[in-house]
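Open the model in your viewer and switch to a cartoon view. Keep the selection panel at hand.

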Amino acid sequence: MELFDYSFNFSELNIDADKILRTMGYEVDSPEHFVDLTMETLEKIGSLANIEGGIAVFDDFTSEVETTSFQIEGICLHPGKLIFNYLKHAEKGALFVCTAGAKIDNLIHHLFEEGKPVEGYIADVIGSVTVEAAVDRMQDSLKSKMQERGMSITNRYSPGYCGWHLKEQKALFSLLPSGYCNITLTDSCLMQPIKSVSGLIGIGTKVKQKPYSCRICKLSHCLYRDRKF
């Protein structure tokens, strides 16, 4: 296993109010008060974020066509037929995790407790956008590292999406150092801090990264569904 560790300052991720508003569905002419709340919440998040992540690259990675699963160092991952077909030609597997930190979770919780649901919702969206932006940076870094070795990477896929059952988090995390990036799993396989992501990326000479399409995913309530950035 080869580990790549990452940490980011919030300012590095170039998250502005326009991006948050678009994510929430406000394409044009957002209410001025809503814009002000978004900018204020961005400042709060920026001071609280503790963004860290890591990627573990495994050479011991095989595709099992009959069971549409992957074997990584003796641990079996069953991401479902859809994801399997996208990654089945990979020669290596990269598991990733990333978190925006527990303080953002606490802020969201306190805002809702204080009877500020709008501010809480905005903070929740910013937290999600923050961790996804950090993983974008991590994925770009992995892509560059692998290109230097003559290999390409696939898109990234996470448990809970595209038919990959959330309970698979246990198998995924069993392959990573305990408490890696200060992320833990609850009994129901949710990550703590909540604003965290995990998943799998394929690496090899016969794979490629493709534009994402919401048509391959049945998660209709996804925050990013059909958003244009």
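This tour goes through the sheets and then the helices that pack together. Bear in mind that the model is predicted.

**Stop 1: the five-stranded sheet**

Select strands 1, 2, 6, 10 and 7. They form an open sheet in the order 1-2-6-10-7, and the pairing is antiparallel. Which strands are at the edges? Strand 1 (2-8) and strand 7 (152-157) are, and each pairs on one side only. From one strand to the next, the twist averages 20°.

Now zoom in on strand 2 (residues 51-58) and strand 6 (residues 92-99). These two run antiparallel and are joined by seven bridges. Pick Val57 and look across to strand 6: Ala94 stands opposite.

**Stop 2: the helix across the sheet**

Keep the sheet on screen and add helix 5, residues 117-147. Helix 5 lies across strand 1, strand 2, strand 6, strand 7 and strand 10 (196-204). Its direction is at about 160° to strand 7.

**Stop 3: helix 2 against helix 5**

Two packed helices are described by the angle between their axes and the distance between the axes. Select helix 2 (residues 32-48) together with helix 5: their axes come within 9 Å and cross at roughly 55°. That angle makes helix 2 oblique to helix 5. The crossing is right-handed.

Show side chains next. From helix 2, pick Phe34, Leu37, Thr38, Thr41, Leu42 and Ile45. They meet Val118, Glu119, Ile122, Ala123, Ile126 and Thr130 in helix 5. The residues of this contact divide into eight nonpolar, three polar and one charged.

**Stop 4: helix 2 against helix 4**

Stay on helix 2 and add helix 4 (residues 102-113). The two pack at an angle of about 145°, with their axes 8 Å apart. This crossing, too, is right-handed. Lys44, Ile45 and Leu48 in helix 2 meet Lys103, Ile104 and Leu107 in helix 4. Here the contact residues divide into four nonpolar, no polar and two charged. Click on Ile45 again: this residue of helix 2 takes part in the contact with helix 5 and in the contact with helix 4.

**Stop 5: the three-stranded sheet**

Finally, select strands 3, 4 and 5. They make an open sheet in the order 3-4-5, with antiparallel pairing. Strand 3 (61-64) and strand 5 (75-77) are at the edges, each with a single partner strand, so one side of each has no neighbour in the sheet. The twist averages 25° from one strand to the next.

Strand 4 (residues 69-72) pairs with strand 5 over three bridges. End on Phe70, which stands opposite Leu77 in strand 5.

Definitions and conventions:
Residues numbered from 1 in each chain as written. Predicted model: local features only at pLDDT ≥ 70, side-chain atom pairs only at ≥ 80, totals over all residues. Heavy atoms only, no water. Axes fitted to C-alpha atoms, helices over the stretch in contact; angles between N-to-C directions. Helix = DSSP H or I, 4+ residues; strand = E, 2+ residues; numbered from the N terminus. Parallel < 35°, antiparallel > 145°, perpendicular 65-115°, else oblique. Left-handed = near helix turned anticlockwise from the far one by under 90°. Contact = heavy atoms within 4.5 Å. Nonpolar A, V, L, I, M, F, W, Y, C, P; charged D, E, K, R; others polar. Pairing = 2+ DSSP bridges.
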